[in-house]
Amino acid sequence: MSVLFFHIMRYKQEDPENINNDRFILCKQLAFVDAAIGWFGQGLGAACGMAYTGKYFDKASYRVFCLVKDGESWGGSVWEALAFGSRYNLDNLMAIFDVNRLGHSGVLPIENCIEIYQKRCEAFGWNTYVVDGRNVEALCDVFWQATQVKNKPTAIIAKTFKGRGIPSVEDTENWHVRPMPAERVDAIIKLIESQIETNRHLEPKPPVEDVPQVNITDIEMTSPPLYDISDKVATRKACGLALAKLGHANDRVIVLDSDTKNSTFSEIFKKEHPERFIECFIAEQNMVNVALGCAFRDRTITFVSTFAAFLTRAFDQIRMGAISHTNINLIGSHCGVSIGEDGPSQMALEDLAMFRAVPNCTIFYPSDAVATEHAVFLAANTKGMCYIRTNRPETDIIYNPLESFKIGQAKVIRQSDNDKVTVIGAGVTLHEILAAADALSKEDISIRVIDLFTIKPLDTATIISSAKCTGDRIITVEDHHPEGGIGEAICAAVSVEPNILVRRLAVQGVPRSGNSSELLSMFGISATHIIEAVKSVVTN
């Protein structure tokens, strides 16, 4: 650390957030440390994102350094990051493996066998050095050598001893995160001070100031959505088209995908902006980590695109991104049983619950192509984390291209003075609700229909006022499990109104493969089931 901070790294000590500074990733949040990653092995992926941004987007001189503890190197996301770093020739990236044999609660399986770490890193295509982590001259030498290597990231395997030089503590177990006994503190401080061999004041080298100024705010839609009312468009495809359009509006928009681009339609963005598309392959944890790194210091407008079900693999990375107050946008497609034949392994039925639990996360659930394009542009301009839920089936266009959308503002798309119940949905289920409304109107039963647009924040005022106009009756319909979804969100929102009754239609149990319309019916969220629920609520 001392060699890095006072001999190798270039930064302005008085300005830790300067965009020209070298980056440093550690498992603690401190000045000059760019990511709060805990101890979970997520730092190297974030470092890859920073290095990728520096090399390919900023085209700048800053370098990225990441300290990896040997304990966290047992996490799979570390090796996903190693594969990514070598695949994209990140020669501005250096990972320092602190091999001291001790984990959090005991001895690690390969202890301090540095040859194994060396062979593993070399096998992943990294330029690798082995060094005594306490030898300052040796460290200076290998750090300098690493700067001369081109087209390969560098791994430095540093053999160290935890608690080095402290009697009865050095290289012994059960001292991780434990404070020294108070009666030993003075003696330990004197011991450390006795080992200092110079009084020279060390100053870091200044950075090369070649990072371009960028503007990633106030992005405007260059033209209204170009959809006709007769079109049928899947919101996943509309999302891909919107991303490509957004890429023309701002040249700092980037998209990451996990080998699903031909299904999520992020390939449209890749075709129009190939230099700003990052293929992360089937390594979703690392993809989110890389996205976090790309977004740090406000260098890019970052979108992550994959099947929503696969984002569950990266929930730890997502929650740590929220803790770091990062600005990234995640798009989850293939949601719910409506994806049909793809089967339950790819049916996201928990994603709303997952993202509702993330602090300060905005959740968009657009119901047609027009709303989807607005969701993408709104997400690009929103601080904090955003999630956009898209669907696989092609659905009708509901909105006029000139319709305006706002975060936290629902759309009342059917209403009359004679409405008997308020029925609320989003995405695929909104179209089922509209079909039910048409059928019910033939029986002189009128219902109020609400499209939520954003699940978080929720338009509580519109929901409550509509319920009061319809006999305090609400039905929610969602292609999601009942736990943590739309129904629970609305129950929480109206809990201050004791007279409002909420009936929830949602996917119960474990789904199966089948035709989309058959599955909507099988799991009780089709137009037929909505009609039955409305009649039951009105009658009772």
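## Exercises on two pockets and one sheet

Helices α1 and α5 each contribute at least two residues to the lining of the second largest pocket; the model from which this and the following exercises are drawn is predicted.

**Exercise 1.** Describe the second largest pocket by its volume, its lining residues and the elements that supply them.

*Solution.* Begin with the space itself, which amounts to about 470 Å³. Next, take the lining, which consists of 22 residues, with R10, S61, R63, T147 and K150 lying nearest the centre of this pocket. Then sort the lining by class, which gives ten nonpolar, five polar and seven charged residues. Finally, return to the elements: α5 provides the largest share of this lining, namely four residues.

**Exercise 2.** Carry out the corresponding description for the largest pocket, and state which element gives the largest share of its lining.

*Solution.* The volume comes to about 2,200 Å³. This largest pocket is lined by 49 residues, and those closest to its centre are M1, S2, G133, R134 and T160. Among the elements, α1 (2-8), β2 (64-69), β3 (93-99) and α5 (136-147) are those that give two or more residues to the lining, and the largest share, five residues, is the contribution of α1. A division by class completes the description, with 24 nonpolar, 13 polar and twelve charged residues in the lining of the largest pocket.

**Exercise 3.** Work out the strand order of the five-stranded sheet, identify its edges, and then locate the helix α15 that packs on it.

*Solution.* The sheet is open and mixed in its pairing, and its five strands follow the order β14-β16-β15-β18-β19. The edges are β14 (411-414) and β19 (501-505), since pairing on one side only is what marks each of them as an edge strand. From one strand to the next, the twist averages 25°. At the β19 edge, the neighbouring strand β18 (residues 473-477) runs parallel to β19 and is joined to it by five bridges, and within this pair R473 stands opposite L501 of β19. The last step is the helix: α15 (residues 428-441) packs on the sheet and touches β14, β15 (421-425), β16 (447-451) and β18. The direction of α15 makes about 165° with that of β16.

Terms used:
Residues numbered from 1 in each chain as written. Predicted model: local features only at pLDDT ≥ 70, side-chain atom pairs only at ≥ 80, totals over all residues. Heavy atoms only, no water. 1 Å grid on protein atoms, 1.4 Å probe; cavity = no way out; pocket = protein on both sides within 12 Å on 5 of 7 lines; lining within 4 Å. Points joined across faces, edges and corners; volume = space filled by probe spheres on them. Nonpolar A, V, L, I, M, F, W, Y, C, P; charged D, E, K, R; others polar. Pairing = 2+ DSSP bridges. Axes fitted to C-alpha atoms, helices over the stretch in contact; angles between N-to-C directions. Contact = heavy atoms within 4.5 Å.
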